[in-house]
Amino acid sequence: MNFFHIILHFFLFFILLLEDQAKIPTAQPGRIIGGDDAVIGQFPFAAAIHVQTSDSKFFCGGAILSREWILTAGLCVYKAVLFTIQLGSNDLATSDGNRVIVATSDWVVHPDFNPDTIEHDIGLIKLRMPIIYNVFIQPINMPTVVLSENSSVTILGWGQTSDSDPQLSESLQFQKVSILSNEECRLYYGNQITENMVCVEGNYNEGTCIGDNGSPLAQYLSLYKWVGGVASFISANGCESTEPSGFTRIFPYIDWIKNITDI
């Protein structure tokens, strides 16, 4: 987070405080809070992404779109020089015969991505060689409809499982949450919530955390899962607060994604 981003957050804090809204999002490269362990093959589109820039390393999630493309957040590709990506396995630590590791340095970020306001927080990673599909490695479908308010969706990732434990979850976590209207989300975060964003909440404090950025928000459509969003921001009050988790909607970016990937 650069100096301008910090100043922006403090400015927004005082504005929201005057409006009795002292909650603002933070775009930390964000285990799913309150999640459950995924079973083998439950989310074959999930990608675990180790990101390296010229001066830092961090972790993100992503989703397989095709044999050559991974969908993730803009913050996860911005200024990256190398990605090491795990596919086919839910486990980050133990040996797993289903695991496939690939590396690449090719990425595309949305041309209007703003790392300070988190607008258009969407990116794509191009693999060097096409991957081979199997039971454990499959693409997720693109959305055909807009996410509807109060609908049930599934979030997943390997991010932190609590504010007090900075370690990633060794096992892929998932949780069912509900879509909020943008009007409800603005009660927490103000007008910085745009129509290209969407917020979700669980029954208590279930949501995303640091290390979950770029991870997919999945919804069932008939027998298929489609990707409705990618994890973008969390509350500055912490992952275990009751504030919603924020995602970038995918539906508004379908044409851009298809133009880049030819899928």
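**Strands, a buried serine and two cavities**

In this predicted model, Thr-72 of strand β5 has Gly-123 in β9 as its bridge partner. That pair belongs to a wider arrangement: β5 and strand β9 (residues 123-126) run antiparallel and are joined by four bridges. Strand β5 (residues 69-72) also has a partner in strand β4 (residues 57-64), again antiparallel, with two bridges between them. Here Ala-63 is matched with Leu-71 in β5. The two strands β4 and β5 make a hairpin, with four residues separating them.

Where do the side chains of β5 point? Trp-69 and Leu-71 face one way, Ile-70 and Thr-72 face the other way, and all are buried. A general pattern is helpful here: side chains in a regular strand alternate between the two faces of the sheet.

A second set of strands centres on β13 (216-221). On one side of the description comes strand β10 (residues 152-157), which pairs with β13 in the antiparallel sense over two bridges. Within this pairing, Thr-154 stands opposite Ala-218 of β13. Strand β14 (residues 224-235) is also antiparallel to β13, and six bridges join them. One example is Tyr-220, whose bridge partner in β14 is Lys-225. β13 and β14 form a hairpin with two residues between them, and Ser-222 in the turn has a positive phi of about 60°.

Ser-215 is found in the loop between β12 (197-201) and β13. Is this serine buried or exposed? Its relative accessibility is 2%, and because the limit for buried is under 20%, Ser-215 counts as buried. A polar atom of the Ser-215 side chain lies 3.4 Å from the backbone oxygen of Leu-156. Leaving aside neighbours within four places in sequence, Ser-215 is in contact with several residues, among them Gly-61, Gly-62, Gly-157, Val-230 and Phe-247.

Finally, the model can be searched for enclosed spaces. Rolling a probe the size of a water molecule over the atoms shows where empty space is left. The largest cavity has a volume of about 60 Å³, and its lining includes Asn-205, Glu-206, Ile-234, Cys-239, Glu-243 and Pro-244. Three of the lining residues are nonpolar, seven polar and two charged. For the second largest cavity, the volume is about 40 Å³. Among the residues that line this second cavity are Val-145, Leu-147, Trp-226, Arg-249 and Phe-251. Its lining divides into eight nonpolar residues, one polar and one charged.

Key:
Residues are numbered from 1 along each chain as its sequence is written. This is a predicted model: local features need pLDDT of at least 70, side-chain atom pairs count only at pLDDT 80 or more; totals for chains, interfaces and linings use all residues. Side-chain values use heavy atoms; hydrogens and water are left out. Buried means under 20% relative accessible area, exposed over 50%, partly exposed in between (1.4 Å probe, protein chains only). A polar contact is a pair of N or O atoms within 3.5 Å; within protein, one must be able to donate a hydrogen and the other to accept it, and residues adjacent in sequence count only if both atoms are side-chain atoms. Contact means heavy atoms within 4.5 Å. Two strands pair if DSSP finds at least two bridges between them. On a 1 Å grid over the protein atoms alone, a cavity is a set of points where a 1.4 Å probe fits but cannot get out, and a pocket is an open set with protein on both sides within 12 Å along at least five of seven lines; lining residues have an atom within 4 Å of a point. Grid points are joined across faces, edges and corners, and a volume is the space filled by probe spheres set on the points. Ala, Val, Leu, Ile, Met, Phe, Trp, Tyr, Cys and Pro count as nonpolar, Asp, Glu, Lys and Arg as charged, and the others, Gly among them, as polar.
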